[in-house]
Every structure is written in structure tokens, then in C-alpha cells.
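The exercises below are meant to be worked with the sequence and the structure side by side. Each one sets a task and then goes through a solution step by step.

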Amino acid sequence: MASLTASRISPLHFPNLSSSNSRIRKVGFRVYAAENNPEPDLSVKVNGLQLPNPFVIGSGPPGTNYTVMKRAFEEGWGAVIAKTVSLEADKVVNVTPRYARLRAESNGSPKGQIIGWENIELISDRPLETMLKEFKQLKKEYPDRILIASIMEEYNKPAWEELIERVEETGVDALEINFSCPHGMPERKMGAAVGKDCALLEEVCGWVNAKATVPVWAKMTPNVTDITQPARVALKAGSEGVSAINTITSVMGINLNTLHPEPCVEGYTTPGGYSCKAVHPIALAMVMQIAKMMQSEFNNGEYSLSAIGGVETGGDAAEFILLGANTVQVCTGVMMHGYGLVKKLCEELKDFMRKHNFSSIEDFRGHSLQYFTTHTDLVRRQREAIEKRKAIRKGLASDKDWTGDGFVKETESMVSN
């Protein structure tokens, strides 16, 4: 685990918020109305890492080699998380086709907006040494940009230690640990096979954080009953942050002409990972749950949260930040819209900030967490509100209460429609 210096900020500090007025200054979130409406500042500092904006290339095809990662930096992404690497790339064999799309129309329609995306893609099939050389070259060319290596290994402590050591030698700024790939090699205790088993997760996180000298983010699987449980384990085991969510286990659909499932490989398929716009509400719920858990149990400012799930607009990102995310990852969105998407994301997020007079990300990060409560509390709140409205509508109790100055308002208070 990386040691945290005194210069690091508090990336996930959640004070108790009592006021519902977002324009009132709040300790911690610093929500206030800017007097001169300065240009919003999108820069963020997370676990000691300085990013020009909160938008991060999520681990996957957009970070699969030197060429595409270089393109991401040139386009202006705040950070890049490379495609997951392991020691033995020769064991990784991908198939084609490996993607399938869901549109907002009937089954099989070529029309309509793409709202869902399934992949059965594995981690990087490129030799580790090749990826390491490219990491080193990227850090040489972009020393001030944030490059994060995503790593995954079998249930083998020496293998994890070797992988971490070799990857860190390239100069990467942080590690994201893939405990969440929903398909692939569960028989080797890799990916979600670890993320779903809290005992196993605790042990492997312990190995990782004992060896790592840079910040560690543990990437969470959504394919569990309560995502706060593995997130809590990962943080207690020494991780500086968590990323959530990875893709959701899915079967994209059945081709009603051929009767074969999609994506179809020689007539067959296997369940894959679901992403894109349709998962956004699910991701919001899980990010909110993790953030509230971190707020109540890890509120010492040393931990971070990177949100993932269906981000295609600046508004999508703003929602995650309002729920406490420090950074927002995009993977499928880049596959659909290209690396230039980051410019649109930045402008739309700035527009949102201007609308509310926010000058920095910290001004509104986590602000909406205060509005989540239990259903029992919602019932109580609504009952009290109804009683209050009824009391107002009752108007005057007696003729002696009429006044000359307030006669019109007093009359209105007793009108039923």
C-alpha cells in the first residue's frame, strides 16, 4: 500500500449536511454561490494524483496499446487505465465476434438508440513485456499525466508480487486491481471469482497492498447482493480507493431468426458483461451505497471512489460526482463515440457547474448523498408534510382571527381549489 503524505487532500470527506439549499456554503463540500462566476475548474487531486479533469479511460479496449493510450492523452483525458494485464498472456485467447448491442427497439431491430452493450472479451492477450515497454514509453512522453495499470492474477501470492513489482518498475502512477471481470477464467480464481468471495478478497488485497508502493484501487463487481461488503473489505485491507461498477453478468439476447444467442461464435456464446446507458441507474445506486458506507465508516479523508457505468454525457458524470465520486471512468462510451468524447464531457460538466455557480468539483461532490434515506423515513417525512399542509389549509379558527391587512391571504387559506 502506498504511504499517504501530508500533502494529500481528503478525497472522500463527507460532513453531515443538514440544509437542503445547495447555494449555502457547506463545510467539506464548500457549496457556495460564486460572486464573479469564474471559469469552472475541473481539476481533481485523488490519492496524491493530480488530474486535469475527472474523466478517466476505463480499463478495456480504449487502453489496449500504446497508440490508443497516447491518443487518449492527446485528446485530453484526465487519466488512462490500461487494459488488464497478467503474467501469462498466452493463456488469454479472445474470440470474434465478442460484442453485442441492445437497441431501444424490438428484438433484432437495426434501428433505435444503442442503450446496452455486452462483451465477452478477456483481459489483454498481448505479452506482458510488450505492455510494460509501452507503459514506460508513455510515462516518458507524458510524465505529468496519470497512467494507471490494471492487473489481475491467479490465486498465487508470488505471482501477484511479481506482477506488481514488474508493473511498478515502468513508472505507472497507480494500480487498479481487477476483482470484477464477470467472465473468463473463474476456474483460476481470477476477476469476479475473487471479488465475490470476501474472504478471498481480503487475503489477496492484503498481498497486493503489502507489496504495492503506489495507490491501489480495487475494482468492484456488481454481481453481488451487497456491494458495500467487498468494498469495505478492500478498504480495510489497505486499498486507497475503490472503482465501481464493472460490467453486469448478462445474456444480450436471442436472434429470433437463427434461434442462436448473441454474440454468436460458431453458433454458441457464453454470458458476458453488460454496460452502456442501460446500466447507469444500477451503477448510480451502487456508487451511492459505497459512498454512504465510506462516509460513515472511513471518513478520515484518505480514500477515493471512481465511478463507472453508462457515462456518455457531462450530466451522467455530474450525477456520479454528486453521489461522492472523485473520478468518472468511461469505456463503452469511448468505443461508441471515440476519444474526442472527453471534450464534450468537459464542456457539459462545466455547463452544469456554471448553472449552479460551482467553481470546482469539490464544491458539489457528494452533495446529493444527504437526500437518501430509508423508506420508513420517507413515510414519516410525507406524513409530517401532509399534516403541515392540512394545518395551513385549515385557515382561520374563529371569526375573531380575521385581520384587515391580511384579509386576502386569509381568504385564500380557506379556498379548496
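**Exercise 1.** In this predicted model, find the residue that follows helix 10 and state the sign of its phi.

*Solution.* Following the chain past the end of helix 10 leads to Asn357, whose phi is positive, near 60 degrees.

**Exercise 2.** Check whether the length of helix 10 (residues 341-355) agrees with the expected span, and then determine how its buried residues are placed around the axis.

*Solution.* Begin with the span: helix 10 has 15 residues, and at 1.5 Å a residue these should span 21 Å, which agrees with the 21 Å between its end C-alpha atoms. Next, pick out the residues under 20% relative accessible area, which in helix 10 are Leu341, Val342, Leu345, Cys346, Leu349, Lys350, Phe352 and Met353. Because these buried residues cover an arc of only 165 degrees around the axis, they lie on the same side of helix 10. Finally, look for their partners: the buried residues of helix 10 pack against strand 3 (55-57), helix 1 (66-75), helix 8 (314-322), strand 16 (327-330) and helix 9 (332-337).

**Exercise 3.** Work out the strand order of the open sheet of four strands, and identify its edge strands.

*Solution.* Tracing the antiparallel pairing across the open sheet gives the order 5-6-14-11. Strand 5 (99-103) and strand 11 (248-250) each pair on one side only, and they are therefore the edge strands. From one strand to the next, the twist averages 35 degrees. At one edge, strand 11 runs antiparallel to strand 14 (residues 272-275) and is joined to it by three bridges, with Thr249 standing opposite Gly273 in strand 14.

Note on methods. Residues are numbered from 1 along each chain as its sequence is written. This is a predicted model: local features need pLDDT of at least 70, side-chain atom pairs count only at pLDDT 80 or more; totals for chains, interfaces and linings use all residues. Side-chain values use heavy atoms; hydrogens and water are left out. Two strands pair if DSSP finds at least two bridges between them. Helices (H or I, at least four residues) and strands (E, at least two) are DSSP runs, numbered from the N terminus. Axes are lines fitted to C-alpha atoms, for helices over the stretch in contact, and angles run from 0 to 180 degrees between N-to-C directions. The expected span of a helix is 1.5 Å times one less than its number of residues. Buried means under 20% relative accessible area, exposed over 50%, partly exposed in between (1.4 Å probe, protein chains only). The arc is that of the directions from the helix axis to the C-beta atoms. Contact means heavy atoms within 4.5 Å.
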